[in-house]
Amino acid sequence: MSVPLTLTSLPLLPISSVLFPGSVLSLSVLKARYLDMVRKCHQINAPFGAVAVASDHEEYKAKSLREYVHNIGTLAVVNQLVEHRPGLLHVRCQGMERFRILNHQVLPHGLWTANVEHLPTDAHVPVPYHLQRVAQALARAGELLYIRGFNVTSYIELSTSQFEDCGWVANRWCELLPISAEIKQQLMQLESPLVRLEFVARILGRMGITAA
């Protein structure tokens with residue numbers, strides 16, 4: 001077996017949502033320790049780690065990073081950074097590979113950094129016949145959102161092969177579905193893209209978006 005790739009001293013940014021590989025994250029950054037970190041990452045085109053906050057903890061109550069955020073997150077690369085006024089950054093990031101936190105450190109100014117290992121990228125798994133309706137519904141949803149002015153060009157301009165991949169279809173649905181961050185985190189952590197899409201299909205069926 002190959003040894004997992006690792007990153008040392010990766011800066012972490014706790015977020016209230018869940019970033020999936022291939023997804024776009026738009027956020028506003030206010031805290032000083034994160035302002036400096038995001039600027040530096042943007043300048044040298046280096047990733048930071050986007051980690052979802054555990055819903056049952058608050059930062060000032062958490063005794064350690066492991067009590068505050070989930071152990072698995074997604075590398076994020078800043079594609080766009082706009083400073084509308086001093087102390088406020090609006091950034092647009094691209095989700096890359098998933099990672100697992102091995103251990104962490106707290107710097108003097110409060111920024112968390114961690115040593116992490118890369119998790120395997122989703123294998124390409126063709127969408128099976130009984131789940132093709134899920135991919136077709138995603139294409140229709142993307143077209144409708146595009147018509148209404150939402151920035152979802154990635155759903156339309158990509159080749160049809162993307163809609164034939166279990167992981168890509170599942171991840172895009174997870175971006176759109178009005179489900180809790182905790183459920184999205186559980187879906188993101190699943191190793192099998194086929195199993196992830198199966199769970200998405202069940203959610204869509206319960207919501208009446210596709211046949212159960």
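In which helix is the place of glutamine 185? Glutamine 185 lies in helix 6, where helices are DSSP runs of H or I of at least four residues, numbered from the N terminus. The model is predicted, so that local features need pLDDT of at least 70 and side-chain atom pairs count only at pLDDT 80 or more, whereas totals for chains, interfaces and linings use all residues. Residues are numbered from 1 along each chain as its sequence is written, and side-chain values use heavy atoms, with hydrogens and water left out.

With a relative accessibility of 2%, glutamine 185 counts as buried (under 20% relative accessible area, 1.4 Å probe, protein chains only). Neighbours within four places in sequence aside, glutamine 185 is in contact (heavy atoms within 4.5 Å) with Val18, Ala52, His70 and Ile72.

The largest nonpolar core (buried Ala, Val, Leu, Ile, Met, Phe, Trp, Tyr and Cys residues joined through side-chain atoms within 4.5 Å) comprises 28 residues, of which Val134, Val169, Trp173, Leu177, Leu197 and Val200 touch the most other members. At least two residues of this core come from each of helix 3 (132–147), helix 5 (166–176), helix 6 (181–189) and helix 7 (193–207), and helix 5 gives the most, with six residues. Valine 200 touches Val134, Ala170, Trp173, Cys174 and Leu177, not counting residues up to four places away in sequence. A second, separate core of 19 residues includes Leu25, Val29, Leu89 and Val91.

Among the residues through which helix 5 meets helix 7 are Val169, Ala170, Trp173 and Cys174 in helix 5, and Leu197, Val200 and Leu204 in helix 7.

Conventions
Buried < 20%, exposed > 50% of the residue type's maximum accessible area, 1.4 Å probe, protein only.
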